[in-house]
Amino acid sequence: MVIFLAKRVGYMLLTMLVVSILLFLLLEVNGESVAVKVLGPYTSIEQRNIWLENNGYFRPLYVRYFDWLFGIATGDFGQSIRFKAPVSDILWDRLGNTAILGAATYAIMVPVSLTLGVLAGMKEGSALDRTISLTSIGTTSVPEFASAVLLAFIFVFTLGWLPGTSAMSGGFDPVQLILPVLVLFLYGFGYLVRMTRASMAEVMQTPYIRTAILKGLPYRQVILRHALRNALIAPFTVIMLQINWLLSGVIVVEFFFAYKGFGALLLEASLNQDIYMIQACAMVAVFVAVTTQTIADIGYTYLNPRIRLGG
Amino acid sequence: MTDNAIRSARPSKIMQYLRRAALIRESWVGSIGLGIIVFWVAMALLAPLLAPFPPNAQYVPFMAPGFNLPPTGTFWLGTDHLGRDILSRLMWGARTVLFYAPLATFCAYAVGILMGLAAGYKRGWIDDVLSRSADVILSFPILVLYVVIITTFGASGINIVLAVTFASAPGIMRIVRGLVLDLRNRDYVAAAQTRGESSLYIMFVEILPNARGPLIVDACLRVGYVIITIGVLGFLGLGLPPPDPDWGGMVNETRGMAMSFPHMTIFPCIAISSLVLGFNLLADGLREVSLRD
């Protein structure tokens, strides 16, 4: 078990390292263009050279890389060009806001999709199954910006029930979270439903379920006590991996609803070529993605009795 | 008896494919999906003939659907903030999306299949290197990758195709690799190896055609995702440069005025959703039909 854990964590660190090299090469290999982005296009060569000299950009590439990597590892991401403040000051705040949005989405998405998936997979091919499956295909087909427009049209413009932006300018307001969460939920739940359904349908075909039914157990009990335990192993992995997807989804939703979160920050940084902010955001995003992936791997192994760890 | 007679006639390869493709009629879900796709393809192809107005020509702005301007004609879906006919722009926009989405998917598949065949059939260090690189790329949240790539290299059609290829090829590689790992132990592969066929021949002639079923279903779903991606990039202002119509861009340009003139924003949303729905339904139908036999 210890060897397995060490392997997974080592593997995760290796991925992060490769990602950091890629990001560094993509954004900082050319010192001259970094200076243009930081100082602006209307600066003279002399000004740029002074800046490059002062910030150590004339050192060899690998020295710069290790210096940068050390900074990131100790939480120093540099100075944001766009916000004129240390990157870390802004980043953690925004990340917290996105965590709230993500947690709210998950709190709705996970129970609803697991229930629907189990109901659909219980009787494959039934009318209920077809309805749930088709609905989930339908909702996954609507891009987030389209469902945001349509929902805003219904609930904001026509009915006037909900606010159309979620900037939270007057302090935290849960009502402003409803539409962003709904949009993320609609786009994301179909996939989880289909995964749960497939897993449940597979379990329902196994001999031990047939035995349980044939020995006369009530159907409820067969589902709740026998089928669910095995059917929910695969969705667990999917739920963890969906966090990776959520980090994409928040970019659109936060942009649309003007929510001050991580996704909107990444987009703003990218559009303004705020390279230190882009690097920090991308590293954080990949860190979250890789961590959840590792947890999913470990959890899957731990939950699945059929996998025995040989080291 | 008659069945045998038909079979012995050995229909041409093309007829065989067409006959297989016609199986989609057995799934009503798939048929509806195919119908939607055919509709949009027809719109895209016939846009120069059918579109009532040139896509970038300006008339009266902010007009509601059905607005009639006597000498010039009727604007069935209204006009946008610059007075351009929305119906015509949707038709021309279908051209853009139906050109770039399949092209990007095709490129991603070309790269992904090559990588997957090499990794699954050759194994060894090639497999290790390819699989590890795929893991690294797949560890990025996908839109983060798109946004960083597009903002660094600039927004253009070719960059969108390259970004989609770069981000999707690893996922396709994983699927192909999994299929190849299963197929490489089949007898016909062993037979080809004994005949002394080259690895290239075995990979492309023996293994790949037998892996096509799941790949076709996946390709259908993937075209849908790529359409969403192109739409999202357009919506974020990272899509194709204006003024040429692009559905995501149309939503982005008009959403600030959606409160007073919702038709400008809603029609492009419906267009893109319906097209993606078409591909997803077709994929579902294909899966259903292929599981049946």
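**View 1. Confidence along chain A of this predicted model.** Start with where the predictor is least and most sure of itself. In chain A, confidence bottoms out in helix 2 (residues 31–39), with a mean pLDDT of 79, and peaks in helix 6, at 91. For chain A as a whole, the mean pLDDT comes to 85, with 98% of its residues at 70 or more.

**View 2. Where chain A touches chain B.** Here 34 residues of chain A meet 33 residues of chain B. On the chain A side, the elements that put in two or more residues are helix 1 (2–28), helix 6 (127–141), helix 7 (144–158), helix 11 (233–257), helix 12 (262–271) and helix 13 (275–303). Helix 13 of chain A chips in with the largest share, seven residues. As for chemistry, this side of chain A has 25 nonpolar and nine polar residues, and no charged ones.

**View 3. The largest nonpolar core.** This core runs to 147 residues, and the ones with the most contacts inside it are A:C281, B:V144, B:Y146, B:V147 and B:I227. Helix 4 of chain B (residues 86–122) supplies the largest share of the core, 18 residues.

**View 4. Zooming in on B:I227.** What does B:I227 contact, once neighbours within four places in sequence are set aside? The list is B:V97, B:A101, B:I272, B:L275 and B:V276.

**View 5. A second, separate core.** Nine residues make up this one, among them A:M200, A:V203, A:V222 and A:I223.

Conventions. Residues numbered from 1 in each chain as written. Chains lettered and ligands numbered in written order. Predicted model: local features only at pLDDT ≥ 70, side-chain atom pairs only at ≥ 80, totals over all residues. Contact = placed C-beta atoms within 7 Å. Helix = DSSP H or I, 4+ residues; strand = E, 2+ residues; numbered from the N terminus. Nonpolar A, V, L, I, M, F, W, Y, C, P; charged D, E, K, R; others polar. pLDDT = per-residue confidence, 0-100. Core = buried A, V, L, I, M, F, W, Y, C linked by C-beta atoms within 7 Å. Buried ≥ 20, exposed ≤ 12 C-beta atoms within 10 Å, placed from the backbone.
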